[in-house]
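Thanks for passing this one along. Here are my notes, written to be read with the model open beside them.

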Amino acid sequence: MNCYRSLAANEAYRLVGHGPLVLVSTRSQRGRYDIAPVAWNCAVNDDPTRLLVVVDKNHATAANIRKQKSFIVSVPHVSQARLVKEAGSVSGKKADKFHTFGIDAFGGQKVDALIPAGCVGYVECRLIKTLRVEFVDIFVGEYLAAGAETTAFGKRLFAEKAAGKTLHHLGGRRFAIPGDRIL
């Protein structure tokens with residue numbers, strides 16, 4: 001198991017500040033855990049830390065967030081590209097993705113959802129606002145707890161090091177990874 005250190009609210013937003021694709025974990029009313037890749041996400045604020053994720057309003061993830069009023073945003077490591085593709089290949093309404101794909105995971109501290117082992121870090125969120133814009137729900141969550149892999153994150157994400165390499169969605173089935181730090 002990876003070694004995660006706790007992150008304070010005023011540093012948790014730095015996990016997603018560089019614009020990575022994230023995995024959003026939820027639990028259904030029936031108790032089924034779900035995970036979905038979400039490219040449209042960002043930090044909204046750093047104090048208090050708030051994150052935003054955009055999800056198709058008809059997806060299981062959206063329904064789960066609306067019902068449970070919470071979710072977990074995990075930042076997958078580049079080595080988890082296959083997990084990202086698999087998690088996005090089937091609906092959480094039809095499959096238990098954790099079981100189907102054998103996703104190794106651990107439970108959140110504050111949110112009843114699963115965090116994929118090996119991710120760079122995660123932020124557990126309480127839902128504070130939902131906005132509906134045509135076919136999507138925009139969910140704003142407030143920090144409850146967060147953790148980051150100790151070799152990938154200090155005062156910031158070490159995106160220039162192997163441990164801090166994350167996935168960035170380019171559209172379709174194409175992804176990129178961050179490069180060298182330039183400043």
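The points below cover the nonpolar cores, one helix residue, the aromatic rings and the cysteines.

1. A word on the source before the details: this is a predicted model. Please read every distance and angle below as a value computed from that prediction.

2. Let me start with the largest nonpolar core, which has 26 residues. Leu15, Val53, Phe71 and Phe139 are the members that touch the most others in it. Several elements contribute at least two residues each: the strands β2 (22-27), β5 (49-56), β6 (70-75), β9 (121-133) and β10 (136-149), along with helix α2 (60-68). Another core lies apart from this one; it has 10 residues, including Leu83, Ile103, Leu114 and Leu167. As general background, nonpolar side chains in soluble globular proteins tend to be buried together.

3. Phe139 is a good residue to click on. Leaving out residues up to four places away in sequence, Phe139 touches Leu51, Leu52, Val53 and Val55. Its list also holds Ala62, Ile65, Arg66 and Phe71, and then Leu127, Lys129 and Thr130. Note that Arg66, Lys129 and Thr130 are among these contacts, should you want to look at how the nonpolar ring sits beside them.

4. Ala62 shows the same meeting point from the helix side. Ala62 lies in helix α2 and is buried, with a relative accessible area of 0%. Beyond its neighbours within four places in sequence, Ala62 is in contact with Val55, Asp56 and Lys57, and also with Asp137 and Phe139. Ala62 and Ile138 are 76 residues apart in sequence, yet their C-alpha atoms are 9.1 Å apart in space.

5. How many aromatic pairs does the structure hold? There are three. Tyr4 and Phe106 make a tilted one, at 5.5 Å centre to centre with 45° between the planes. This pair links distant parts of the chain, since Tyr4 is in strand β1 (residues 4-6) and Phe106 is in strand β7 (residues 105-107), 102 residues apart. Both partners are buried: Tyr4 has a relative accessible area of 18%, and Phe106 has 16%.

6. Phe106 also pairs with Tyr122. Their ring centres are 5.9 Å apart and the planes meet at 75°, so this pair is edge-to-face. Because Phe106 lies in strand β7 and Tyr122 in strand β9, the pair ties together parts 16 residues apart in sequence. Tyr122 is buried, with a relative accessible area of 4%. Through these ring pairs, Tyr4, Phe106 and Tyr122 form a cluster.

7. One charge-over-ring arrangement is worth a look: Lys161 lies over the face of Phe158, at 4.8 Å from the ring centre.

8. Why is Cys3 not in a disulfide? The closest cysteine sulfur, in Cys119, is 13 Å from that of Cys3, which is too far for a bond. Cys3 is partly exposed, with a relative accessible area of 47%. Cys125 is in no disulfide either, and its nearest cysteine sulfur, that of Cys42, is 12 Å away. Cys125 is buried, at 0% relative accessible area. The structure as a whole holds zero disulfides.

Definitions and conventions
Residues numbered from 1 in each chain as written. Predicted model: local features only at pLDDT ≥ 70, side-chain atom pairs only at ≥ 80, totals over all residues. Heavy atoms only, no water. Core = buried A, V, L, I, M, F, W, Y, C linked by side-chain atoms within 4.5 Å. Buried < 20%, exposed > 50% of the residue type's maximum accessible area, 1.4 Å probe, protein only. Helix = DSSP H or I, 4+ residues; strand = E, 2+ residues; numbered from the N terminus. Contact = heavy atoms within 4.5 Å. Phe/Tyr/Trp six-rings, centres within 6.5 Å; stacked < 30°, edge-to-face > 60°. Lys NZ or Arg CZ within 6 Å of the ring centre and 35° of its normal. Disulfide = S-S within 2.5 Å.
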